[in-house]
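Reader: I'd like a close look at one strand and what surrounds it, please. Could you walk me through it in plain words, then show me how it fits with the rest?

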Amino acid sequence: MNMKGMTKFVEPVRIIAVVLIALAIGFVITALVSKEPVQAYTALLTGPLPRLSFENGFEIKNINRFGNWLEESTTLILLGLAVSIVFRARQFSLGAEGQMLLGALMTAVIALKLSLPFPAHMLLALAAAMIIGFLWGLIPGLLKAYLSVDEIVSTLMLNVIALQLFDLLLFNWLRDPAAGFVGTVPFPTSAVLPLLIPGTRVSFMTILMLIAVVVVWFLMARTPFGFELKMLGANRKFAEYGGINTKRVIALSMAVSGILAGLAGAHLSMGLLKRLTINLSPGLGFEGIVVALLARNDPRWVLLAGLFYGYLRTGAQIMERSSDVTREVVLIIQAIIILLITAERLFPFVQQWVQLRRSREEVVVEAG
Amino acid sequence: MAALVEMKQITKVYPNGVVANKGVDFSVEQGEIHALVGENGAGKSTLMKILYGLEAPTHGEIWLRGRRVEIPNPHRAIELGIGMVHQNFMLVPSFTIAENIVLGSEPRKGRFIDRAQAIAVTEELSKTYGLQVDPTARIEATPVGMRQRVEILKTLYRGADLLILDEPTAVLTPQETDELFMAIRTLVNQGKTVIFITHKLVEVKEISDRVTVMRHGEVTGRVATRDVTEADIARMMVGRAVFLQIDKPPVQRGRVVAEVRNLGYVAETGRPVLRNVNFSVHAGEILGVAGVEGNGQTELVEVMTGLRPATTGEILVDGKPVQRQSPRRIRLSGVAHIPEDRLTNGVALDATIAENLVVDRYNRPPFTQRGVLSPQVIRKHAETLMQQFDIRAAGPDALMRSLSGGNMQKVIVAREFSAEPVLLIAAQPTRGVDIGATEFVHTQLVTKRNEGKAVLLVSADLAEVMSLADRIAVMYKGEIVAILDNGPELTEEEIGLYMLGVRRQEVVTKAA
């Protein structure tokens, strides 16, 4: 078997093993803090599933929990796609959080300050979220490509700016002074995403998300741009030598990534809350990194990883509500999973880094 | 003569499963010059690393002066009188030569280093062994040949009786090589023993008393050098007969394909690296560029291929200026490039062979049609080229990382040659590849020339340039100091004089 075949076979097995180990450790922790650990853990593991009931004729119970899972996963998958694009090109952009906030902000501006008929209003709001995401990603992209500004620093700073812009506009312009909290009035229905499953908040965005998975997969696997992304990620100097305009690809990778983060923001405002509130969802932008890491930047795996991670997060909320275990325990389990997976990813990184340094030293001495 | 060192049944298996040595027996006698030869990956470096304590053998024993010894680290090796001079020098550039030599076991005066003593020690060693160095010069200001002498003196200072020299001539000019050989003979006359790792057969014949040949981790020959010919050794190395001489028909010079006019390049540090470079390459010829490494050859190639911007001057390909254009534009004008640093520029290790083969053409039909990339076409393309260029790998989807150096180079050659260039720039095309692949690359270069392409061959291996090129341009300190017609009357020594800057042509003909 060649190396690639091996990896293909070993990878899923390894990831499943990692998840099982993490869940086992999680159960041990649960057993330590809970009086009824089995019940609590069952809530975590099966909570998000709907239950079929035949007591009063056929009925599906807990559909809202199932809905929560899909809603959560939809956002996570969009963010995971966003991150997988930049990570594929080895650009460590952490800007999804800011792009998501501005995406949500733009939908509120369109929803509240324009009045249009239904599909147009919604589509315009979505487009605005995608465009602002693109532009907010383009900034660190251009800075990196042409001025060699480290993208980790620039995207984190841009996240701060985005958050302040968000608060500024919300407080001074968009907020509903009559509301008892800092938030806007509800969006007009013309700018709300149509509902897909009654009794939940699962909306048209879940379909858009599925389309996005296919589009991103196609972009990566079947277009010249996807090839350029991969070559840039594999070896920038090689890409340059081969004639690829790496500066353009660096800038575009971050910008295209921003489109998807912008959509995730639109999902929060136009699908889930149907308004804009302060503290929209702090830190959610970074959860996309977890999804992309779990999926090894492969859009097809992002779908599965997002569903898995969304399940875990929803189960956590249910466990918190229905047992004596706090959500923190689940956060610990999540953290352990991430730790196990990234630790294993770290290893080849370190190896490569050592090799790279060694080869550089050789060059220096030979040239010396 | 008694065996000084005996390595018995040495086997080395790396954690990743690579077997570098398989039951190797190796012995060196007191006072001899012993050549250890083999292709890249034959296991000779591993064997010597085991002897020097850098690697632990999986099986096997080391006997020194009739006693069994364990050598867990280089420190122990030095205690036992074994010294190694690596291919990549390990010197402190900002220290003087004397300081480098005593580094680690400095003569002291009270709590301070006794510099005068260090210099005296260096001078004495230098005199004893005929290795001339300037004790007070800083390493960064000294030429490569002297740095190597410093490395040798360093091991002698630590009391080495057995010196392992790892490909010591790779970075030297012919004159420097001669001097090194004289020094090695002096060392042996003084009672030292030398193991000389190389893959240059001429050197084996010239310097060694005995030779051990390795192939695929095993010893395939152990002979007295005077009993064999170069061809015999080559056969032991590759397991079959090789052509050491390249046959090529007389040159049929055609039109000027590439012309370089008054080219200058100033590095980001402000240092002028290329100065007023003029030459042209004609269809149907190989123009060789010789020179000690670091005299601007790397930058010349990178400027010509768009990887660095020219500061002044013009580069014309088929009459059209291409200076300061992007690598893609230059490639589209018909320039192909085999890069000097294969791993940095030439390949992406974590991409597949198929992907590596289309990095310059993925966005054109038939690979991309109406904006859609076709993995099948890319795979087919790879299959064809792999067959045509005899690339040995599991398949088009194998990762580049899994290939040997020679096969990686074949991937690069396959890509660049199949681009159908009018000008082919080959920089160090056979560095670090084995004899089989070297022969292959040489034949391919000559074929392109015979087909009427222009070939610019930049190589630090003078023998390579002299056996392939029709004309030879010599670079020294960023200038072309001579353009010579290659022929039987041109000698290595003459080129060497230009390479060292001793001599230069009065008028380096403008676009000769």
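Author: Let's settle one term before looking at the strand: a residue counts as buried if 20 or more other C-beta atoms lie within 10 Å of its own. Keep in mind, too, that this is a predicted model.

Now to the strand, S15 of chain B, which covers residues 286–290. Five of its five residues are buried, so by that cut-off the strand is mostly covered. Which residues sit on each side of S15(B)? Ile286(B), Gly288(B) and Ala290(B) are on one side, while Leu287(B) and Val289(B) are on the other, and both faces are covered. That back-and-forth fits a general pattern: in a regular strand the side chains alternate between the two faces of the sheet.

S15(B) has partners as well. It pairs with strand S22 of chain B (residues 454–458) in the parallel sense, over four bridges. Within that pairing, Val289(B) has Val458(B) as its bridge partner in S22(B). Strand S23 of chain B (residues 471–476) also runs parallel to S15(B), and four bridges join these two. Here Gly288(B) stands opposite Ile472(B).

S23(B) leads on to Val474(B). Leaving aside neighbours within four places in sequence, Val474(B) is in contact with Ala290(B), from the strand we started with, and with Gly291(B). Its other contacts of this kind are Ile480(B), Val481(B), Ala482(B), Ile495(B), Tyr498(B) and Met499(B).

Step back a little and you meet the largest nonpolar core, which has 190 residues. Val474(B), Leu457(B) and Val291(A) are the members that touch the most others. The largest share comes from helix H10 of chain A (residues 246–273), which gives 16 residues. On the chain B side, domain 2 (246–334 + 423–512) and domain 3 (343–420) both contribute residues, so the core lies between them. There's also a second, separate core of 63 residues, with Ile33(B), Ala42(B), Met48(B) and Leu131(B) among its members. As a rule of thumb, nonpolar side chains tend to be buried together in soluble globular proteins.

How is chain B divided overall? Besides domains 2 and 3, there is domain 1 (3–238). The C-alpha centres of domain 1 and domain 3 of chain B lie 39 Å apart.

For another strand arrangement, look at the open sheet of four strands in chain B, ordered S2-S1-S4-S5 with antiparallel pairing. Its edge strands are S2 (19–29) and S5 (67–69), each pairing on one side only. The twist averages 20 degrees from one strand to the next. Strands S1 (residues 3–13) and S4 (residues 59–64) of chain B pair over five bridges in the antiparallel sense, and Glu6(B) stands opposite Trp63(B) there. Helix H1 of chain B (residues 44–51) lies across S1, S2 and S4, running at about 115 degrees to S1(B).

Last, the other chain. Chain A has 13 helices and two strands, and 47% of its 368 residues count as buried. Where the chains touch, chain A supplies 25 residues and chain B supplies 34. On chain A's side, the elements giving two or more residues are helices H1 (3–33), H8 (224–234), H9 (236–241) and H13 (327–367). That side divides into 10 nonpolar, eight polar and seven charged residues.

Technical notes: Residues numbered from 1 in each chain as written. Chains lettered and ligands numbered in written order. Predicted model: local features only at pLDDT ≥ 70, side-chain atom pairs only at ≥ 80, totals over all residues. Buried ≥ 20, exposed ≤ 12 C-beta atoms within 10 Å, placed from the backbone. Pairing = 2+ DSSP bridges. Contact = placed C-beta atoms within 7 Å. Nonpolar A, V, L, I, M, F, W, Y, C, P; charged D, E, K, R; others polar. Domains from an automatic or database assignment. Core = buried A, V, L, I, M, F, W, Y, C linked by C-beta atoms within 7 Å. Axes fitted to C-alpha atoms, helices over the stretch in contact; angles between N-to-C directions.
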